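This briefing sets out selected features of the structure shown below, grouped by topic for ease of reference.

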Amino acid sequence: MGFIQLILMIIFAVLIGIAYHKIFDVTYFSGKAIFSEIIVCLMLGGLIASKLIGIMKVLLPIAIVAVVILVIVSKVKKNG
């Protein structure tokens, strides 16, 4: 797991935890419940981060080509 994926996993885990507590009224009766929730949030955050990294490997080159084309077209229009 790369450093960026680790950072994204932690960010998504925190966001999932916040959303979970906004949606549901949670009461803990043991330390095991808190630990289980943290593990599930980290697992879901890791899943989202890995899928996002996978999508970005495909979309990033396409976005770079699109930006280069737009820059070339704008320069041609400006000069022409």
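**Briefing: helix packing and selected residues**

Ser50 is partly exposed, since its relative accessible area is 31%. The model under discussion is predicted. The points below begin with Ser50, turn to the packing of H1 and H2, and end with Glu37 and Asp25.

**Ser50**
- Ser50 belongs to helix H2, and Ser50 is one of the H2 residues that meet H1.
- Ser50 and Leu8 are 42 residues apart along the chain, and their C-alpha atoms are separated by 8.7 Å.

**Packing of H1 and H2**
- Two packed helices are described by the angle between their axes and the distance between the axes.
- Helix H1 covers residues 3–23, and its axis comes within 7 Å of that of H2, with a crossing at roughly 125 degrees.
- H1 and H2 are therefore oblique to each other, because an angle of this kind falls outside the ranges for roughly parallel, roughly antiparallel and roughly perpendicular.
- The crossing in which H1 passes H2 is right-handed.
- On the H1 side, the residues that meet H2 include Ile4, Leu8, Phe12, Ile16 and Tyr20.
- On the H2 side, the residues that meet H1 include Glu37, Cys41, Gly45, Ile48 and Leu52.

**Glu37**
- Glu37 lies in helix H2, which spans residues 31–79.
- Glu37 is buried yet has no salt bridge, and the nearest side chain of opposite charge, Lys22, is 13 Å away.
- Leaving aside residues up to four places away in sequence, Glu37 touches Tyr20, His21, Val26 and Tyr28.

**Asp25**
- Asp25 is found in the loop between H1 and H2.
- Asp25 is exposed, because its relative accessible area is 78%, against a cut-off of over 50%.
- From C-alpha to C-alpha, Asp25 and Lys57 are 38 Å apart in space, with their positions 32 residues apart in sequence given as the separation.

Conventions. Residues numbered from 1 in each chain as written. Predicted model: local features only at pLDDT ≥ 70, side-chain atom pairs only at ≥ 80, totals over all residues. Heavy atoms only, no water. Helix = DSSP H or I, 4+ residues; strand = E, 2+ residues; numbered from the N terminus. Buried < 20%, exposed > 50% of the residue type's maximum accessible area, 1.4 Å probe, protein only. Lys, Arg positive; Asp, Glu negative; His and termini not counted. Salt bridge = Lys/Arg side-chain N within 4 Å of Asp/Glu carboxyl O. Contact = heavy atoms within 4.5 Å. Axes fitted to C-alpha atoms, helices over the stretch in contact; angles between N-to-C directions. Parallel < 35°, antiparallel > 145°, perpendicular 65-115°, else oblique. Left-handed = near helix turned anticlockwise from the far one by under 90°.
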